[in-house]
Amino acid sequence: MHNIFQFLLPTYCTLCGSVSETNICNACHTHFLVNQTPRCTKCALPLFTQQTQLCGACLSTPPFFDITLACTDYQAPIDSIVLALKFGGHLFQAETIARLLGKTICQHRDSGTNMPALLCPVPLSRQRLISRGFNQAMEIARPISRLLAIPLYSDLLWRLKDTLPQSQLHPDQRHRNVQSAFSIHPDLVHLIDGQNVGIIDDVMTTGTTLNEIAKLLKRYGAARVSNFVFARTVRQ
Ligand SMILES: [Zn+2]
Ligand SMILES: [Zn+2]
């Protein structure tokens, strides 16, 4: 419902603080979300040549997932949207992210990308869900499911154990950190057989978590796994 104060009080761009009708102003939208370098089709890392569709890492060690779409790099000031959602509890930012990510997915759908039959957010462990009160990936996935008219199964994947943030670990420790961290709901496993499964998350850091999920989904019969993430961490 509209509040009279919405018409009287100015709104400000989340990224630059200037007065804006939307929570990301046109200039920031163009600068941070439209003018993008090409990305690796599998893992969404920026590519510095138009000659190939895959980065060196995906060429040498192909991941289990098939594609990753990302709106932007995970960097300042874009990270403020994610941090406000995750740690500030500003749930309206999930709508902002969903609108932007939904637009990116629609552009790819219109250019002929194979769309998933079902969507699932990257789950949080029960313990972290209780302490945070919500799963940011679920908050982003819900409006995207409505926009794309693709069913959302929030219980398809379970997170069995808390894992340390992948960014804080040595590359050798990352695989062990997420290994056996997830399972598939036994009553829903038939849904993924032969299907393209879409996984939604706010940020893709190293890709190890999403790779572990894709490995599990394929072991249980998924034909394809498509990752949809708002922001992609660029390797240092
Ligand atoms: Zn701005
Ligand atoms: Zn790649």
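How many residues has α5, and how far does this helix reach from its first C-alpha to its last? Select residues 92-110 to display α5. The helix has 19 residues and spans 27 Å between its first and last C-alpha, close to the 27 Å expected at 1.5 Å a residue. The structure on display is a predicted model.

**The whole chain**

Before continuing with α5, view the entire protein chain, which contains nine helices and six strands. Of its 236 residues, 34% count as buried. Contacts between residues at least 6 apart in sequence may also be considered: 71% of these join residues at least 24 apart.

**The buried side chains and their cover on α5**

Return to α5 and select Gln93, Ala94, Ile97, Ala98, Leu100, Leu101 and Ile105, which are the buried residues of this helix. An α-helix has 3.6 residues a turn, so residues three or four places apart point the same way. Next, display the elements that cover the buried residues of α5: they include the helices α2 (26-34), α4 and α7 (136-148), together with the strands β1 (67-73), β5 (196-204) and β6 (224-232). Just after α5, select Gly112, which takes a positive phi of about 100°.

**From α5 to α4**

Two packed helices are described by the angle between their axes and the distance between the axes. Add α4, residues 79-86, to the view; α4 and α5 pack at an angle of about 140°, and their axes are 8 Å apart. The two helices α4 and α5 are therefore oblique to each other. The crossing in which α4 passes α5 is left-handed. To inspect the contact, select Ile81, Ala84 and Leu85 in α4, which meet Gln93, Ala94, Thr96 and Ile97 in α5. Five of the residues in this contact of α4 with α5 are nonpolar, two are polar and none is charged.

**From α5 to α7**

Now replace α4 by α7. At what angle do the axes of α5 and α7 cross? They cross at roughly 50° and come within 8 Å. Helices α5 and α7 are therefore oblique to each other, and their crossing is right-handed. On the α5 side, select Ala94, Glu95, Ile97, Ala98, Leu101, Gly102 and Ile105; these meet Gln136, Glu139, Ile140, Pro143, Ile144, Leu147 and Leu148 in α7. By class, this contact of α5 with α7 comprises 10 nonpolar, two polar and two charged residues. Ala94 and Ile97 of α5 deserve a second look, since these residues also take part in the contact with α4.

**Helix α9**

Proceed to residues 208-219, which form α9. This helix has 12 residues and reaches 16 Å from its first C-alpha to its last, close to the 16 Å expected at 1.5 Å a residue. Its buried residues are Thr208, Thr209, Leu210, Asn211, Glu212, Ile213, Ala214 and Leu217. Gly221 follows α9 and has a positive phi, near 110°.

**A loop residue, Tyr12**

The final stop is Tyr12, in the loop between α1 (4-8) and α2. Is Tyr12 buried or partly exposed? It counts as partly exposed because 13 C-beta neighbours lie inside 10 Å, whereas a buried residue would need 20 or more. Leaving aside neighbours within four places in sequence, Tyr12 is in contact with Gly17, Ser18, Val19 and Ser20. To end the tour, select Ile24, 12 residues from Tyr12 along the chain; the C-alpha atoms of this pair are separated by 7.9 Å.

Definitions and conventions. Residues are numbered from 1 along each chain as its sequence is written. Chains are lettered from A and ligands numbered from 1 in the order in which they are written. This is a predicted model: local features need pLDDT of at least 70, side-chain atom pairs count only at pLDDT 80 or more; totals for chains, interfaces and linings use all residues. Axes are lines fitted to C-alpha atoms, for helices over the stretch in contact, and angles run from 0 to 180 degrees between N-to-C directions. Helices (H or I, at least four residues) and strands (E, at least two) are DSSP runs, numbered from the N terminus. Angles under 35 degrees count as roughly parallel, over 145 as roughly antiparallel, 65 to 115 as roughly perpendicular and the rest as oblique. A crossing is left-handed if the near helix is turned anticlockwise from the far one by less than a right angle, and right-handed if clockwise. Two residues are in contact if their C-beta atoms, placed from the backbone, lie within 7 Å. Ala, Val, Leu, Ile, Met, Phe, Trp, Tyr, Cys and Pro count as nonpolar, Asp, Glu, Lys and Arg as charged, and the others, Gly among them, as polar. The expected span of a helix is 1.5 Å times one less than its number of residues. A residue is buried if 20 or more other C-beta atoms lie within 10 Å of its own, exposed if 12 or fewer, and partly exposed in between; C-beta atoms are placed from the backbone.
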